[in-house]
Each structure stands twice: as structure tokens, then as C-alpha cells.
Amino acid sequence: KNKLIIFNGFQNDKMESLIFSAVDLIWVGYQKNFPFLSGVLYQAAVMHKPIIASNHGIINWMNKKYNLGYSVDIEDEELLIKKINLLCDRNIYKK
């Protein structure tokens, strides 16, 4: 519905499943050089949801290797908005 909704915080398993099934894309919002794998990234990939992630670290590497979505400079808000619009315009989240 072209709405941006932010869930910032812990979600229980049931709510998390509902959120992941309802969204069009996933922001994997980790800071530069996050040194660990991401459960959010894993779930997005399993549910075939495109992602937007930082262009640094292992999450960026996995994003590029498996073509999961876009990597952006998380400090460049204008570029981030452009990438979100590209995902929406291309409807790549639809099967």
C-alpha cells in the first residue's frame, strides 16, 4: 500500500512471522562492519523478500553474492530513498 511502517524493537515469533509475510522489502539495518550474520537477513532470504542493507561487512558480501537486494551507504538518505523507490518501481518483490 506504499506505506512505510517501522517496527523498532523485539518481536515475538508469531508477530515476526506476520510482519515478514506482509512486507514488500526488508531493511537489514546494521551499522558499518557488523561482524556477525543476521537472522533478519536469513529470514528475508527464506521468504524471498528483497533487502536493503549497508554496503559494508559480511551482510553486504552476502547480499551481493546471493543478489538479495541493494547495498547502500546507510548515511546517504537520498540514495537510500532512491533504492527503495527502485525496488517498488520494479515490483521485484512480486513473484
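Okay, before anything else, one bit of vocabulary: when I say buried, I mean under 20% relative accessible area, exposed is over 50%, and partly exposed is in between. And keep in mind that what we're looking at is a predicted model.

So, let's start with Phe7. F7 has a relative accessible area of 45%, so F7 goes in the partly exposed class. Along the chain, you'll find F7 in the segment before α1, the helix that covers 13-22. F7 also has company: together with I5, M15 and L18, F7 makes up a nonpolar patch on the surface. Put the four together and you get about 400 Å² of accessible area.

Now the overall layout. How many helices and strands does the chain have? There are 4 helices and 3 strands. If you walk along the sequence, you read α-β-α-β-α-β-α. The chain has 95 residues, and 24% of them are buried.

On to the sheet. The 3 strands make an open sheet, the order is β1-β2-β3, and the pairing is parallel. Which strands stand at the edges? Those are β1, at 26-28, and β3; each has a single partner strand, so one side of each has no neighbour in the sheet. On average, and ignoring direction, neighbouring strands here are turned by 20 degrees against each other. As a general reminder, strands of a sheet pair through backbone hydrogen bonds, in either a parallel or an antiparallel way.

Let's go pair by pair. β1 and β2 are joined in the parallel sense by 3 bridges. If you want a spot to click on, take W27, whose bridge partner in β2 is I52. Then β2, residues 51-54, runs parallel to β3, residues 69-72, with 4 bridges between them. To get from β2 to β3, the chain goes through helix α3, residues 57-66, and this β-α-β crossover is right-handed. For a landmark in that second pair, look at S54, which stands opposite V72 in β3.

Next, two residues with backbone angles worth a look. The first one on my list is H48, in the loop between α2, which is 39-46, and β2. H48 isn't a glycine, yet its phi is positive, about 55 degrees. Is H48 buried or exposed? With 54% relative accessibility, H48 counts as exposed.

The other one is N67, in the loop between α3 and β3. Again we have a positive phi, about 50 degrees, and again N67 is not a glycine. N67 has 66% relative accessibility, so N67 counts as exposed too.

While we're in the loops, have a look at L25, between α1 and β1. L25 comes out as partly exposed, at a relative accessible area of 22%. L25 and H48 are 23 residues apart in sequence, and their C-alpha atoms are 9.3 Å apart in space.

Last stop, charges. A search of the whole structure turns up 1 salt bridge. Which residues form it? That's E78 with K82, and their closest N and O atoms are 3.6 Å apart. Both sit in helix α4, residues 77-90, and because they are 4 residues apart there, about one helical turn separates them. As for accessibility, E78 counts as exposed at 55%, while K82 is partly exposed, with a relative accessible area of 48%.

That's my tour, so fire away.

Notes:
Residues are numbered from 1 along each chain as its sequence is written. This is a predicted model: local features need pLDDT of at least 70, side-chain atom pairs count only at pLDDT 80 or more; totals for chains, interfaces and linings use all residues. Side-chain values use heavy atoms; hydrogens and water are left out. Patches are made of residues with over 30% relative accessible area and no salt bridge: like charges are joined within 9 Å, nonpolar side chains (Val, Leu, Ile, Met, Phe, Trp, Tyr) within 5 Å. Accessible areas come from the Shrake-Rupley method with a 1.4 Å probe; for residues, only the protein chains shown count as cover. A salt bridge is a side-chain nitrogen of Lys or Arg within 4 Å of a carboxyl oxygen of Asp or Glu. Buried means under 20% relative accessible area, exposed over 50%, partly exposed in between (1.4 Å probe, protein chains only). Two strands pair if DSSP finds at least two bridges between them. A crossover is right-handed if, with the strands pointing away from the viewer, the path from the first strand over the helix to the second runs clockwise. Axes are lines fitted to C-alpha atoms, for helices over the stretch in contact, and angles run from 0 to 180 degrees between N-to-C directions.
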